[in-house]
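Here are my notes from a pass through this one, point by point. Have the structure open while you read.

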Amino acid sequence: MEKNIFKLDNEQLKAIARSFKEKVEKGLNTENAEIQCIPTFITPKADNINGKSLVLDLGGTNYRVALVDFSKSVPDIHPNNGWKKDMSIMKSPGYTQEELFKELADMITGIKREEEMPIGYCFSYPTESVPGGDAKLLRWTKGVDIKEMIGKYIGNPLLNYLNEKNKIKFTDIKVLNDTVASLFAGLTDNSYDAYIGLIVGTGTNMATFIPADKIKKLNPADNIQGMIPVNLESGNFHPPFLTGVDNTVDVISGNPRKQRFEKAVSGMYLGDILKATFPLEEFEEKFDAQKLTAIMNYPDIYKDVYVQVAQWIYTRSAQLVAASITGLVMLLKSYNKDIRRICLVAEGSLFWSENRKDKNYHSIVTEKLKELFDLFGLKDVTVDIKSMNNANLIGTAIAALS
């Protein structure tokens, strides 16, 4: 291919950043907007975090359990990366809440505890947070469909179930999204003016803190004040300047007209973009970002044109992420002009992937961020992009102990 159909110039990226900012503002003010902006009613501590909590982390196919102890200067996680269990069984037709709770409880009952403690529950499915720290399940994703749980509370029914099974009880439970957990993990360094949680892996999403008075859709009767953690659900953003190839990927996906940003950016879809670029050629069925980066890293065994297009798709993904971060920083800066240093905790295999022949993904994001910040007059703002081991376990424990 001679022409790079995926190339975005800085004027286009500026327009994407402005569109992202406007749509986040709309999501903060109205229900069911394109960028949903779901408030999380947990006020995390930024300092004086102390005590032990049990952390449950239920992702797409894996389940982790860990004890997190904040009594020392550095949070202690036992065991190091948590006890793990494959939870593909959740996708079985007819799978029930009772079966799920039993699977979750089996790993917990084997853990030795000498004291009561709270639970932090990192739940990586769309939920509506409610005051008090629980959340209602909005819908299942990732091939799971336990119908009886939709629209119901996630936390307290599980807490009651576990307290029936364990002699030493759990005091309470806080439910949060994995992106919000990454956001909270940044609070282990309280020297920043603002915080962002970002995931770019199989899917993509962002979370940040927004002043309550800027979230017009909050119920005034709840009298909520201060900085509110907001799960943007930014994968549903529909950016301008997508291509006909992106439209093809959207049409053949299981959820057309939804998650357009995610379909242009995340690991689950980058391989589909490459395949759709060459509709008359045969590729293996499972073709994700890992395969895409393999093409770039081992160019000698692939067609030159595949290597070239893979690089274009990879670069565009990183630049779209940089544009979305820029839009969010512009919004945060409009609320507080004194913001100078921002901590961004980035999670996800794609974000930290390596490109042996050219720039790594996070380097592309960092370089484009600097360019866009200069163009928007944000030269006084620096974003520290951090990789943290077990960010969601640490962030979830902060939620439990707050």
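1. Start with the annotation. UniProt, in an unreviewed entry, lists residues 5-185 as "domain: Hexokinase N-terminal". Keep in mind that what you have on screen is a predicted model. In this model, residues 5-185 are 29% helix and 27% strand, and the C-alpha atoms at the two ends of the span lie 38 Å apart.

2. Next, have a look at a helix pair. Helix α5 covers residues 244-252 and helix α7 covers residues 267-277. The two pack at an angle of about 115°, and their axes are 9 Å apart. The crossing of α5 and α7 is right-handed.

3. Which residues make that contact? From α5 you get V245, D246, T248 and V249; α7 brings in Y269, D272, I273, A276 and T277. Sorted by character, the residues of the contact between α5 and α7 are five nonpolar, two polar and two charged.

4. Now the cysteines. The disulfide count is zero. Why is C122 not bonded to C343? A disulfide needs the two sulfur atoms within 2.5 Å, and the closest cysteine sulfur to that of C122 is the one in C343, 17 Å away, so the gap is too far for a bond. Looking from the other side gives the matching result: for C343 the closest cysteine sulfur is in C122, at 17 Å, again too far for a bond.

5. Are these two cysteines buried or exposed? C122 has a relative accessible area of 0%, so it counts as buried. C343 is buried too, with 0% relative accessibility.

Key:
Residues are numbered from 1 along each chain as its sequence is written. This is a predicted model: local features need pLDDT of at least 70, side-chain atom pairs count only at pLDDT 80 or more; totals for chains, interfaces and linings use all residues. Side-chain values use heavy atoms; hydrogens and water are left out. UniProt positions are given in the numbering used here, feature names are shortened, and annotations may be inferred rather than shown by experiment. Helices (H or I, at least four residues) and strands (E, at least two) are DSSP runs, numbered from the N terminus. Axes are lines fitted to C-alpha atoms, for helices over the stretch in contact, and angles run from 0 to 180 degrees between N-to-C directions. A crossing is left-handed if the near helix is turned anticlockwise from the far one by less than a right angle, and right-handed if clockwise. Contact means heavy atoms within 4.5 Å. Ala, Val, Leu, Ile, Met, Phe, Trp, Tyr, Cys and Pro count as nonpolar, Asp, Glu, Lys and Arg as charged, and the others, Gly among them, as polar. Buried means under 20% relative accessible area, exposed over 50%, partly exposed in between (1.4 Å probe, protein chains only).
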